[in-house]
Amino acid sequence: MLTRALLSVVALLALAGCATMEPGAPPLPDPKSQMAALEMRIAILVEEQRQKLDPAAKKLAIDPALTTIARARAADMAAKNYLAHTAPDGATSASLLMKQDAKWQGLLGENLAAQHYTRRGGVVVNDFARRFLDEWMKSTPHRENMAFANYDHAGVGAAVNGDTVYVALLFSTDLGLPPPKPEGPATTATPFESPAAASAAPASPMPDPLRLRGTVGAR
């Protein structure tokens, strides 16, 4: 039986600084050009905070597949101006991962966030990354997601529209599950209240069990 986690969303509505630019100062970078650096900085800060929360937690490897999905989720939220686990067309990080890899099994965790910026203040990578992390730390489901010791892969996606930066942070682990049986891929994920609850759930005795279990935190 497979496991997957989808944790809760937090909207961080912190305005960027509004310092007046000095005459002759170079123009601020295009916020779109800052997204890759923001993704990297968030990944670094999350790993540092994770080790503080649980020094025994596994190190996170940046996973190309998770990064692709996280970027797709962030880009969709930016393009359609929403912040939610489920896109207007019904897509989720879980469904995207199942579509991308029908044989994947394990636990998937997701933290989403959005943060406004101003044209004058721009996007200061370190400041924005730290505010995202601070807001996740204030939320028990987000904090539990970052601290879950068995997660060993992660992906970060960031995208921007006219005034808001959207971020999707994904975690995953196969929990040591054996390869899936060839009965056919699952098409849904079962929700649990936390990564710990999902990982502790017993395997289904059914001959064709759900291949994915998930966790949906409070919103």
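The following paragraphs walk through the fold of one protein chain, beginning with its overall make-up and ending with its nonpolar cores.

The model is a predicted one, and its chain contains 6 helices and 4 strands. Read from the N terminus on, these elements follow the order α-β-α-α-β-α-α-β-β-α, so that β3 and β4 come one after the other with no helix listed between them. Of the 219 residues in the chain, 50% count as buried, and the accessible surface comes to about 10,500 Å², with 59% of that area belonging to carbon and sulfur atoms. When contacts between residues at least 6 apart in sequence are considered, 79% of them join residues that are at least 24 apart.

A useful place to look next is strand β4, which spans residues 164-173. How many of its residues are buried? The strand is mostly covered, with 10 of its 10 residues buried. In a regular strand, side chains alternate between the two faces of the sheet. In β4, T164, Y166, A168, L170 and S172 point one way, while V165, V167, L169, F171 and T173 point the other way, and all of these residues are buried.

Strand β4 also has partners. Strand β2, residues 107-116, runs antiparallel to β4 and is joined to it by 10 bridges; within this pairing, N111 stands opposite L169 in β4. Strand β3, residues 153-160, is likewise antiparallel to β4 and is joined to it by 8 bridges, and here A158 stands opposite V167 of β4. Strands β3 and β4 form a hairpin, with 3 residues lying between them.

From the strands we can move to the nonpolar cores. In soluble globular proteins, nonpolar side chains tend to be buried together. The largest nonpolar core in this model has 31 residues, and those with the most contacts inside it are L38, I42, V46, W136, V165 and V167. Which elements give two or more residues to this core? They are the helices α1 (35-53) and α4 (125-138), together with the strands β2, β3 and β4.

L38 offers a closer view of this core. Leaving aside residues up to four places away in sequence, L38 touches V125, F128, A129, F132, A158, V165 and V167. Two of the residues touched by L38 have already appeared as a facing pair, since A158 stands opposite V167 in β4. Apart from this core there is a second, separate one of 20 residues, and L66, I69, A78 and L97 are among its members.

Notes
Residues numbered from 1 in each chain as written. Predicted model: local features only at pLDDT ≥ 70, side-chain atom pairs only at ≥ 80, totals over all residues. Heavy atoms only, no water. Buried < 20%, exposed > 50% of the residue type's maximum accessible area, 1.4 Å probe, protein only. Contact = heavy atoms within 4.5 Å. Areas by Shrake-Rupley, 256 points an atom, 1.4 Å probe, with all protein chains shown as cover. Pairing = 2+ DSSP bridges. Core = buried A, V, L, I, M, F, W, Y, C linked by side-chain atoms within 4.5 Å.
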